[in-house]
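These are my notebook entries from a session spent looking through one structure, written up in the order in which I looked things up.

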Amino acid sequence: MKLAHTIETLRSNLKTLKRVMIVFLAVLVVFDLLLSREDAHFLIDKIYAYWAIFGTIGCFVLIKFSKGIAHMFLGKDEDFYE
Amino acid sequence: MNSWLHPALFFFLGSLLLPFFQGKARKAILLLIPVLAIIAVATAEQGIYGQYRFLNVDGVFGRVDKLSLIFAWVFTIMAFLGALYALHKEESGHHIAGFLYVGSSLGAIFAGDYFTLFIFWEIMAFSSVFLIWYRRTKKSLDAGFRYLLVHVFGGLLFFTGMMLYYYKTGSFAFEGIAPGNAGLAEYLILWGFALNAAVLPLHAWLPDAYPEATVEGAVFLCAFTTKTAVYVLARGFAGFEVLAIMGTAMTVFGVCYAVIENDIRRVLAYHIISQVGYMVAGIGIGTHLALNGAAAHAFAHILYKALLFMGAGAVLYMTGTAKLTQLGGLFKTMPLTMIFYIVGAVSIAGFPLFSGFVSKSMIVAAAHQEGRLWLMNLLNLAGIGTFLSVGLKVTYFAFFGKGEPVTAKEPPSNMLWAMGITSLLCLVIGVYPDSLYILLPFASDYRPYNLHHLSEALQILSFTGLVFFLLLSKLGPEEKINLDVDYFYRKAVSFFLKFDDKVIAVFDDLWGELYRTLGLRALFKSAEMSYGFDRKAIDGIVDGSAASTVKLGATVRGLQTGRIQTYIALSLVIFFVVVLLFAVV
């Protein structure tokens, strides 16, 4: 299986993969800095890399919040209703 | 009057044909019927068809306009893909239920009045429940009954509202309602519709029932009920502020649960709530761009959510479980399924070149355009959760994680073909958005591929990916279920059963004892007397009529097969004949 082989290769080169991803993130931020802000109506349109910050904080909060309430009281054993 | 073939007719007739065919002939029918329906939709001209008068009610079977047509397009396409995916299924009852369900959904979206809509609305509920029951487990039986009860409750809300509406206006006509004019009647109808759209807090039936459905049935279920509800909300309640707020709440609520659920199909079911939330929010915002977005998103969503359910179903079908805690490493044994699932996942997450990118963004852009920045931010927060749960979490833990399922190989070829075609459609819509935009109800010059939107989407998705890998150790799936509001009615039922067992049963026993000792003796005596009177006097007078009744009974018994599908199909045919007779007269 070619695909499985490719995935195995990527797995054994995690360090390189990580570096590539970090460069990609940096490129995205730089790309956003270069975009024109002339048509911006609202404050969030003017902030540089707003959605990168939003994505980072939002994802962090979502994970912490959801896992938090699951551990606090939502999570029950699978036979809870039986 | 110009002629028009209602696409639902094909499905109803098909469901009558199915029991008589086996093997290849049945497979041909299963695929041919949706194709005929697609042709009927493609050749339909806009207009009003099938007006009838029944019990002093003016009904309309076919209101064909751009809004109903876009839903009809995706419903019929989905029916084909769903039938292809379910082709290997032996039980003809399952296929019949599927066809009745699709047919009644089509009936509902073309209905021009509340009366016709209500009939199809109820057939939808009663046919779709079989797609859950055919799983044939205790859990699915129970979940099916709860599903039915909740939908009967929703139907009652709708019915009460519809009657009050008739009392108020003297008409059942189903038209757009201005938010300022809405009273009790309109809001009852609204909440009846909202229950089917799984709007909070009337949503718990969905993640309760869909994960218990059959592998093939879930693919149908995830497409039709909620999207029919989206259609009727868009038709009747555009611009209602409550929908904008509840819809946005749904988007975030759904992803929070999707992040913590363990069973893939439960993750996906909660995620339907989130996705339908986008559509409901779009309807609530109510501008042309927002309504276009709701319709476009419904179209795109049906395809990629079905694709995801197909992928999850294939995993369940081949490994016997869909729990992330028991899965992992499937990339080695089910690579095609993985590719198709990932196409669904990046479509739903809104990656550029995939369908979610061109549909979801219309609703977000509409919120932005109207200056509803809170809504916009929350919708994008839900977008983060979408990629996090359906995209990253499920893909990582099912296909790449450490576990190694005992038996796994690719599913049957019909399943793979269904997933492949659906994947292709997701890609086509993403690359050529005009193929979808051409069907939209309002004229629009919205262009999804601009630099700002690309930058926004890629930033959100990529940084979500970053945090996912940073917090990977915190995200492991757990062998748990999570409480939801169905807790209240499920616990209420068990409380009632206990009450029944302890209190009512004791009283019942006492009463039974009393009855046996005192009542029965007198009853036997009087029965003896009346029997004698009946034989000698009455049958003597009406001479022989009893005997002929017995004969007729034997004939009718032949029709009573004891199979409830047959009854539903039979009553549908009778209903159509009666309505057509009245329409002609």
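The entries below go from the whole chains to single elements and then to the place where the chains meet.

**Entry 1: what kind of model this is.** Before anything else I noted that this is a predicted model, and I kept that in mind for every value that I wrote down afterwards.

**Entry 2: chain B as a whole.** I began with the secondary structure of chain B, which comes to 21 helices and three strands. I then looked up its radius of gyration, which is 26 Å, and since the globule rule gives 25 Å for 585 residues, chain B is as compact as a globular protein of that length. Along the principal axes, the C-alpha atoms of chain B fill a box of roughly 95 × 60 × 50 Å. Of the 585 residues in chain B, 52% are buried. I also looked at contacts in chain B between residues at least 6 apart in sequence, and 82% of these join residues at least 24 apart.

**Entry 3: chain A as a whole.** Chain A has four helices and one strand, and along the sequence they follow the pattern α-α-α-α-β. Is chain A compact or spread out? Its radius of gyration is 20 Å, well over the 12 Å that the globule rule gives for 82 residues, so chain A is more spread out than a compact globule. The C-alpha trace of chain A spans about 60 × 45 × 20 Å along its principal axes, and buried residues make up 16% of its 82 residues.

**Entry 4: one covered helix.** In chain B I picked out helix α11, residues 264–285, and checked its length: at 1.5 Å a residue its 22 residues should span 32 Å, and its end C-alpha atoms are indeed 32 Å apart, which agrees. I found α11(B) mostly covered, with 22 of its 22 residues buried. After α11(B) comes B:Gly286, which has a positive phi, near 80 degrees.

**Entry 5: the largest nonpolar core.** Which residues touch the most other members of the largest nonpolar core? I found that they are B:Val230, B:Leu233, B:Val280 and B:Ala306, in a core of 205 residues. Helix α12 of chain B, residues 288–319, gives the largest share of this core, 22 residues. I followed up B:Ala306 and, leaving aside its neighbours within four places in sequence, listed its contacts, among them B:Met78, B:Leu81, B:Val219, B:Cys222 and B:Thr422.

**Entry 6: the hairpin in chain B.** Strand β1 (residues 47–54) of chain B pairs with β2(B) in the antiparallel sense over seven bridges. The two strands form a hairpin with two residues between them, and in the turn B:Leu55 has a positive phi of about 50 degrees. I wrote down two of the bridge partners: B:Phe54 is matched with B:Val57 in β2(B), and B:Tyr52 is matched with B:Gly59. In strand β2 of chain B, residues 57–64, six of the eight residues are buried, so this strand is largely enclosed by the rest of the structure.

**Entry 7: a single tyrosine.** I looked up B:Tyr396, which is found in helix α15 of chain B. Why is B:Tyr396 counted as partly exposed? There are 16 other C-beta atoms within 10 Å of B:Tyr396, whereas a buried residue needs 20 or more and an exposed one has 12 or fewer. B:Tyr396 and B:Leu324 are 72 residues apart in sequence, but their C-alpha atoms are 9.4 Å apart in space.

**Entry 8: where the chains meet.** Lastly I turned to the contacts between the chains, in which 36 residues of chain B touch 34 residues of chain A. On chain B, the elements that give two or more residues to this side are α10 (241–260), α15 (373–400), α18 (451–470) and β3 (481–482). The largest share, 13 residues, comes from α18(B). I sorted the residues of this side of chain B into 21 nonpolar, eight polar and seven charged. There is also strand pairing across the two chains, as strand β1 of chain A, residues 75–76, is joined to β3(B) by two bridges and the strands run antiparallel. In this pairing A:Gly75 stands opposite B:Asn482.

Definitions and conventions
Residues numbered from 1 in each chain as written. Chains lettered and ligands numbered in written order. Predicted model: local features only at pLDDT ≥ 70, side-chain atom pairs only at ≥ 80, totals over all residues. Contact = placed C-beta atoms within 7 Å. Nonpolar A, V, L, I, M, F, W, Y, C, P; charged D, E, K, R; others polar. Pairing = 2+ DSSP bridges. Rg over C-alpha atoms; globule rule 2.2 N^0.38 Å. Expected span 1.5 Å × (residues − 1). Core = buried A, V, L, I, M, F, W, Y, C linked by C-beta atoms within 7 Å.
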